[in-house]
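Got your viewer open and a selection tool at hand? Let's take a walk through this model, one stop at a time.

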Amino acid sequence: MEEQIKNKDISKENETEVPLDKTVRLMSPTRMVVRRFFRSKLSIIGLIMVISLFLFSFVGPIVYSEWGEIELDESGKTEYSASVTTYTVNGREYIVRQTTEKSLKDNFLAPPSAEHPLGTDNEGYDIFVRLMYGGRISLIVSFIAVFLITILGVIMGGIAGFFGGAVDNIIMRLCDILICLPGIPILLIISTILDASEIDAKYRIYLLMIYLTFISWPGTARLVRGQILSLREQEYMVAAEAMGYSAPRKIFKHLVPNVMPQLIVQMSLSLGSMILYEATLSYLNLGVKAPYAAWGTMINIISTNPDILQNHLNVWVPAGICIVIAVLGFNFIGDGLRDALDPKARR
Amino acid sequence: MSEEIKSNDFDPEAILEVRNLRKCFPLKKTVTGKVTQELIAVDNVSFKLKAGETLGIVGESGCGKTTLGRTILKLHAATGGQIIFDGKDITNYNSKQMRDIRKEMQIIFQDPYSSLPPRSTVGGILSEPVEVHNIVPKDKVKDYVLDLMTKCGLRDYYYERYPHEFSGGQRQRICIARALSVKPKLVICDEPVSALDVSIQAQIINLLKQLQNELNLTYVFISHDLSVVKFISDKIGVMYLGSMVEFGSKKDIFANPLHPYTKALFSAIPHPDPKVKMNRIILKGDIPSPANPPKGCRFHTRCPNATDICREVAPEYKDYGNGHCAACHLLG
């Protein structure tokens, strides 16, 4: 009882005097990072780029719904060709004038017009609309892949770094083996198998992304392990041990939050490279297949007809610009976050 | 070292009893994992401590004070000997069994800057152990933590703040509050004040003393500062190169130091009056490497009175009356 009364006295004392440090509200580490992030112009530009791509891909098809992703413009057009043939039979000359009327079903390779803001491609699909749907695929797939890579990398790296010894050895050797595997040749094989097994073209890319996750997690695992190796020698980890916390609690509540800064940077940078990877796969016809749209597939059209490369820039340049914007945007954000999360940086 | 006799007759009065405690760190290993060279950090240390007492452990840097503290808490596995805490031999407890013992014994670290997790608030740091060990019901955790903060001299609005917003003294108060949050019986204070400046040292030591009276805590107070140890301790242990060279009550040790090392150590306590002439016993040489300790008495390389027997035979650790123990041939 006596103790309680004493405590009350102290708290009363606190109420009456308002000390200086109560009026000066210091910022939490997270708020400081946000403030530093928005101080950099480049990271704001990156953020705007990425957000506008998201709006374009996910809200765009709802606002502009003239054409669907796999909807052909069947308005067609009529081509007229005239020919004059001269025959000589028995010394007499016959002149035949012939006019051919050829009716095409699809309106392909149309130039930009009010109907098709960016024209149509060689099949007669609307390029502007397919750009939006292609963005959906690229963004969703890269987010899924990065998410999976991060989860797998944090779990494996966390376990390896925390327990050390034999466990660490096994996981790290597994990482070494996976890093040794050449990505593209194996992808070619998997792609052929997928072709043979007649999997719906829509789901192919997700299966390939799972494969990409499988070969890409060692990078993140190494990063996490390295950080945890240095963090676990910190005195607050000894304090956590002395408190009798369980190993999962120590790893995921005390160590991983302290790896988060590096992890966030790594994630934003690998989002960019995943978009690039996805585009490469689609370009090589390993990823998304026709009739579905992806930025890489749209650039791939040039391989069907060299004329398109030279004379129909509207078919493939927009997709290239989209890829550049996405990769640049994510890299700008990553760089901005790296500077903002650097503890040595000034406020 | 001779085979330790492991017995189960524990002194019921002692809350902590350490028998022949030994801790070695492997330095070199062969491919097969056999240790070829090792560093003996703690060698044959024994003492008893009653509940509510404070044991001060003094010694030079690198003499194994911190290792002793951490081995008692089983943060390092002991190589040999026994640790008896509260009537239980915890030497061979596995980590699951230790988890229940953890809340009975806690540690306060030397460096208040690295011993607090940088990414959680003071409230989070203090309530986590309370929740993990179910010290109070879930809905009362916050009240309990705020009460604890008041006890340790922290204001209640610090609850939402982060460790980097505090000064060293305040951080050490947070560390003390964290250690006390699980209601321990024994607290190992590993040089808790040596990183702080003198005025804050006094505050923290007074806080520790006040909390000891309130909560009947037992302290093992590790320090290299003799004046601090003199102020807070009931018993004092002097360590040199991993072994305890002298142990006894504060009164006995300060009035009548037996071991030449203790004498030399006490002669180095600075006196506030510059006119007082100090009879310093200056030790020659450096402390030998614990990886390669000298033969015989470990102190003979620096002892001013060393004889031939000191160089050959390790002295026995004997009681010279009233629990005042020392290890030296010269005492007869």
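What follows is a list of stops, each with something to select and a note on what is there. Keep in mind that you're looking at a predicted model.

**Stop 1: the 8-stranded sheet of chain B**

Start in chain B and pick out the open sheet of 8 strands, which reads E6-E7-E8-E3-E9-E10-E12-E11 and has mixed pairing. Its edges are E6(B) and strand E11 (317-319) of chain B, and each of these pairs on one side only. Look along the sheet and you'll see some twist: on average, neighbouring strands are turned by 20° against each other, ignoring direction. Now add helix H9, residues 260-267 of chain B, which packs on this sheet. H9(B) touches E3, strand E9 (235-240) and strand E10 (243-249) of chain B, and its direction makes about 105° with that of E9(B).

**Stop 2: strand E8 and its two partners**

Stay with the sheet and select residues 218-222 of chain B, which is strand E8. How many of its 5 residues are buried? The count is 5 of 5, so E8(B) is largely enclosed by the rest of the structure. Show the side chains: B:Thr218, B:Val220 and B:Ile222 point one way, while B:Tyr219 and B:Phe221 point the other.

Next, bring in strand E3 (residues 54-58) of chain B, which runs parallel to E8(B) and is joined to it by 4 bridges. Here B:Thr54 stands opposite B:Tyr219. Then add strand E7 (residues 186-190) of chain B, also parallel to E8(B), this time with 5 bridges. B:Tyr219 turns up again in this pairing, as the bridge partner of B:Val187. To get from E7(B) to E8(B), follow the chain through helix H6 (residues 198-215) of chain B; this β-α-β crossover is right-handed. Also in the E7-E8 pairing, B:Ile188 stands opposite B:Val220 of E8(B).

**Stop 3: the 4-stranded sheet of chain B**

Now move to another open sheet in chain B, with 4 strands in the order E2-E1-E4-E5 and antiparallel pairing. Strand E2 (35-50) and strand E5 (88-89) of chain B sit at the edges with a single partner strand each, so one side of each has no neighbour in the sheet. Select strand E1, residues 14-29 of chain B, together with E2(B): the two are antiparallel and pair over 11 bridges. One spot to zoom in on is B:Val18, whose bridge partner in E2(B) is B:Phe47. Then show residues 65-72 of chain B, helix H1, which lies across E1, E2 and strand E4 (80-85) of chain B. H1(B) runs at about 70° to E2(B).

**Stop 4: a group of helices in chain B**

Select helix H3, residues 122-132 of chain B, and colour its buried residues: B:Val122, B:Ile125, B:Leu126, B:Ser127, B:Glu128, B:Pro129 and B:Val130. What do they pack against? They pack against helix H4 (141-151) and helix H5 (168-180) of chain B. Just past the end of H3(B), B:Asn134 takes a positive phi of about 50°.

Centre the view on B:Val145, which is found in H4(B). Is B:Val145 buried or exposed? With 27 other C-beta atoms within 10 Å, it is buried. Leaving out residues up to four places away in sequence, B:Val145 touches B:Gly123, B:Leu126, B:Ser127 and B:Val130. You can also draw a distance from B:Val145 to B:Arg178: they are 33 residues apart along the chain, and their C-alpha atoms are separated by 9.3 Å.

**Stop 5: where chain B touches chain A**

Show both chains now. The contact takes 26 residues from chain B and 21 residues from chain A. On the chain B side, helix H2 (95-102), strand E6 (105-108), H3 and H4 each supply at least two residues. H2(B) gives the most, with 3 residues. By class, this side of chain B has 12 nonpolar, 4 polar and 10 charged residues.

**Stop 6: two crossing helices in chain A**

Finish in chain A by selecting helix H4 (residues 41-63) and helix H5 (residues 127-163), which pack at an angle of about 120° with their axes 8 Å apart. Their crossing is left-handed. Residues making this contact include A:Phe54, A:Phe56 and A:Phe58 of H4(A), along with A:Met132, A:Tyr133 and A:Arg136 of H5(A). By class, the contact has 9 nonpolar, 3 polar and 1 charged residues.

Notes
Residues are numbered from 1 along each chain as its sequence is written. Chains are lettered from A and ligands numbered from 1 in the order in which they are written. This is a predicted model: local features need pLDDT of at least 70, side-chain atom pairs count only at pLDDT 80 or more; totals for chains, interfaces and linings use all residues. A residue is buried if 20 or more other C-beta atoms lie within 10 Å of its own, exposed if 12 or fewer, and partly exposed in between; C-beta atoms are placed from the backbone. Two residues are in contact if their C-beta atoms, placed from the backbone, lie within 7 Å. Two strands pair if DSSP finds at least two bridges between them. Axes are lines fitted to C-alpha atoms, for helices over the stretch in contact, and angles run from 0 to 180 degrees between N-to-C directions. Ala, Val, Leu, Ile, Met, Phe, Trp, Tyr, Cys and Pro count as nonpolar, Asp, Glu, Lys and Arg as charged, and the others, Gly among them, as polar. A crossover is right-handed if, with the strands pointing away from the viewer, the path from the first strand over the helix to the second runs clockwise. A crossing is left-handed if the near helix is turned anticlockwise from the far one by less than a right angle, and right-handed if clockwise.
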